[in-house]
Amino acid sequence: MRSPLNVRRIIYEALVRDQLDVNQRPEIWDCTTCTTCTLRCPKGLDPALMLIGLRRVLTEGGRIKPTVRDALESTFKFGNPWGRGKAKRSDWAQGLNVKNLAEGAEAEMLYFVCCTPAYDDRVQAVARAMVKVFQKAEVDFGILGNEEMCCGSEMRRLGEEGLFEFLVEENLALFQQHGIKRMVTTSPHCYNSFRNEYEGRGFEVQHYTQFLADLIELGKLTFSKEVNRVVTYHDPCFLGKQNQVYDEPRAILQRIPGLQFVEFDRSRERSLCCEGGGGRMWVEASSARERLAEVRVKDALALGAEVIATACPFCLLTLEDAVKTTGAEGAVEVLDIVELVAQAI
Amino acid sequence: MDIVVCVKHVPDTTEAEIAIRDDERGIEKRGLVFDINEADNYAVEEALLLKERFGGSITVLTVGPPEADETLRMCLAKGVDKAVRLTDGRFEGSDSYATARILAEAIRELGRRPSPIGYDLVLTGIQADDDGCGQVGVTLAEMLGIPHAALVISTETEDGKMKVHRELEGGLHEVLEIELPALLTIQTGINEPRYASIFGIRQAMKKQIEALDLGALGLAEEAVGEAGSKTSLVRLFIPEVTAQATILQGSPEEVSSELLTIFKNEGVI
């Protein structure tokens, strides 16, 4: 999306001229907190923090979009932003024989599923693929079942700092109670939160692409089938730009037999954001112009890719939407890396 | 404009697995998440919007257990001035009539104080999500001896007079002029309720919530609870799935085409 958002103008109006009316600037909600501006800032600033600060003013004032309000209220009440009951959080794992650490089982590693793979029909397939791959590699892991709770990453970026702090306290207590020492996450957003924003955490955290790349390297995860498809990789901003995990996802894809890997022109540090971050899953953009995810799909078609692989629940959903809105269904498919891995074992 | 809003702290049951208590007179509340009754949330917002325009004060009342303070604190965080909780073991089992009597007596009690809390308007939600009776509001108006309008979807205030819009069957709307003080039961969708942030709710912990019991209201024991009620709950149960229900299975395409065939065969379309 080409947004009217001009973060330098907003900083100037707010800090230099002191005349910014936050209620009249809907583009404050356009930022996806991808941090491209931070990476490119010649003065070493972090402009996204300014926008999150302005969102805090709006959220504390209570006058926010109903979709944002509902996501925040749901997270406080049910521990997820999708308005779904706590009692249904682990329904996706039924019949998969996964240990539940919240019910007293013990394991070396926690698989932190995340709200979106837990509840979203499409992304549940990613969580199930993850279980299949972990079981094939004989990983000793468990989940927290219905006790798992939102990491708070998106709540903080929607300007709800109090809710974020509440979730940090609740999660740290939960992890401590169940003796969690190691954790692997589905989502780069949970990974980023736990790694960089949970002060005083007593556990190690990896994104699953790091963990799987290690397993493959050590020969603990081997492939037995070919995936004969042309695949490109879309870097999730919270994995790449914010945590410099660029090589592991590519290393996994390149080890899958039969898979032909092609690189987007805009990749790694220059990767285009899908627009699903920064709470944007619950905010409609202020501009109706072409969305970046649609640009991404068109670029993939031009590359001759049959599959856009990614490693983030939000990227998966926004890119899939863009495949539909650009009429590219049947020409290109969006899959999570772990789904391709599951096809190859 | 001084406004009293009556709210109820109810379990959110949309996504929960509901279990009936052994005595069949209630549901198992353990593990359920409680929140303000949906329609009452719109009533609180309407009061806040009126206060923003005309000034005055807002008092929220609830009949409920100490846990209902969560709902009251959320109201205080949004800008409500005073919260009163009406709690007494003897209130248990009250039907809509007895509940309205407790609320009416509390409103009178607040008005009798050395620094009285009066009202120009009493607002309630149209009905509670848990029992769905929809009677407390209008019964309360009758007990207070003030006019009421039910199912209100918008309000206009000019020169001390209030006009209320009501939605009727068949898509009709009517506008009533109502003399104040009055009671309105508020329909969901009348406004867009604001968000109460966690910091805001924590700040509201500093504000006092007043609790009043049977004695404080000067009500007789026979006037409340089951003794003071006109109706009593006989049995609560989950209806059995009958043979007429058919669950369609298959992919979304298969299910929708099968559904279409059924609609056609049954003459629905």
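## A cis peptide bond in chain B

B:Pro181 is located in the loop that connects strand 9 and strand 10 of chain B. The peptide bond leading into this residue from B:Leu180 is cis, and its omega lies near 0°. These statements, like those that follow, refer to a predicted model.

## The sheet of chain B

Strand 9 also belongs to an open sheet of chain B, in which 9 strands follow the order 9-8-7-10-6-1-4-5-11 with mixed pairing. Its edges are formed by strand 9 (173-178) and strand 11 (209-212) of chain B, each of which has a pairing partner on one side only. On average, neighbouring strands of this sheet are turned by 30° against each other, direction ignored.

At one edge, strand 9 of chain B pairs with strand 8 (residues 161-167) of chain B in the antiparallel sense, over 6 bridges. Within this pair, B:His165 stands opposite B:Val175, a residue of strand 9 of chain B.

## Helices on the chain B sheet

Helix 1 (residues 38-54) of chain B packs on this sheet and touches strand 1 (3-6), strand 4 (58-63), strand 6 (121-125), strand 7 (148-158), strand 8 and strand 10 (182-186) of chain B. The direction of helix 1 of chain B makes about 150° with that of strand 6 of chain B.

Helix 3 (residues 96-111) of chain B lies across strand 1, strand 4, strand 5 (82-86), strand 6 and strand 11 of chain B. With respect to strand 4 of chain B, helix 3 of chain B runs at about 145°. Strand 1, strand 4 and strand 6 of chain B are thus among the strands listed for helix 1 of chain B and among those listed for helix 3 of chain B.

## The parallel sheet of chain A

Chain A contains an open sheet of 5 strands in the order 1-3-2-4-5, and its pairing is parallel. The edge positions are held by strand 1 (99-100) and strand 5 of chain A, each pairing on one side only. Strand 4 (residues 182-185) of chain A is joined to strand 5 of chain A by 4 bridges, and the two run parallel. One bridge partnership in this pair links A:Arg182 with A:Glu204 in strand 5 of chain A. Helix 10 (residues 208-217) of chain A lies across strand 2 (109-112), strand 4 and strand 5 of chain A, at about 85° to strand 5 of chain A.

Which residues surround A:Gln206, leaving aside its neighbours within four places in sequence? A:Gln206 belongs to strand 5 (residues 204-207) of chain A. Apart from those neighbours, A:Gln206 is in contact with A:Arg182, A:Met183, A:Val184, A:Thr185, A:Tyr191, A:Phe211 and A:Asp214. The C-alpha atom of A:Gln206 is separated by 26 Å from that of A:Ile52, a residue 154 places away along the chain.

## Helix pairs in chain A

Helix 1 (residues 7-16) and helix 3 (residues 47-61) of chain A pack at an angle of about 60°, with 10 Å between their axes. At this angle, helix 1 of chain A is therefore oblique to helix 3 of chain A. The crossing of helix 1 of chain A with helix 3 of chain A is left-handed. Helix 1 of chain A contributes A:Val7, A:Ile10, A:Ile11, A:Ala14 and A:Leu15 to the contact, and helix 3 of chain A contributes A:Pro47, A:Met50, A:Leu51 and A:Leu54. By class, this contact comprises 9 nonpolar residues, with no polar and no charged residues.

A second pair consists of helix 11 (residues 247-255) and helix 14 (residues 337-344) of chain A, whose axes come within 10 Å and cross at roughly 25°. Because angles under 35 degrees count as roughly parallel, helix 11 and helix 14 of chain A are described as roughly parallel to each other. This crossing, too, is left-handed. The contact is formed by A:Pro249, A:Ile252 and A:Leu253 of helix 11 of chain A, together with A:Ile337, A:Leu340 and A:Val341 of helix 14 of chain A. These comprise 6 nonpolar residues, and no polar or charged residues take part.

## A loop residue with positive phi

A:Thr33 lies in the loop between helix 1 and helix 2 (36-40) of chain A. Although A:Thr33 is not a glycine, its phi is positive, at about 50°.

## The interface between the chains

In the interface, 24 residues of chain A are in contact with 16 residues of chain B. The two chains bury about 1900 Å² between them, and 52% of this area is on carbon and sulfur atoms. A:Arg63, A:Arg69 and A:Lys77 supply 29% of the area that chain A buries against chain B, which is more than any other three residues.

Note on methods
Residues are numbered from 1 along each chain as its sequence is written. Chains are lettered from A and ligands numbered from 1 in the order in which they are written. This is a predicted model: local features need pLDDT of at least 70, side-chain atom pairs count only at pLDDT 80 or more; totals for chains, interfaces and linings use all residues. Side-chain values use heavy atoms; hydrogens and water are left out. Two strands pair if DSSP finds at least two bridges between them. Axes are lines fitted to C-alpha atoms, for helices over the stretch in contact, and angles run from 0 to 180 degrees between N-to-C directions. Contact means heavy atoms within 4.5 Å. Angles under 35 degrees count as roughly parallel, over 145 as roughly antiparallel, 65 to 115 as roughly perpendicular and the rest as oblique. A crossing is left-handed if the near helix is turned anticlockwise from the far one by less than a right angle, and right-handed if clockwise. Ala, Val, Leu, Ile, Met, Phe, Trp, Tyr, Cys and Pro count as nonpolar, Asp, Glu, Lys and Arg as charged, and the others, Gly among them, as polar. Buried area is the accessible area (1.4 Å probe) that two parts lose on being put together, summed over both.
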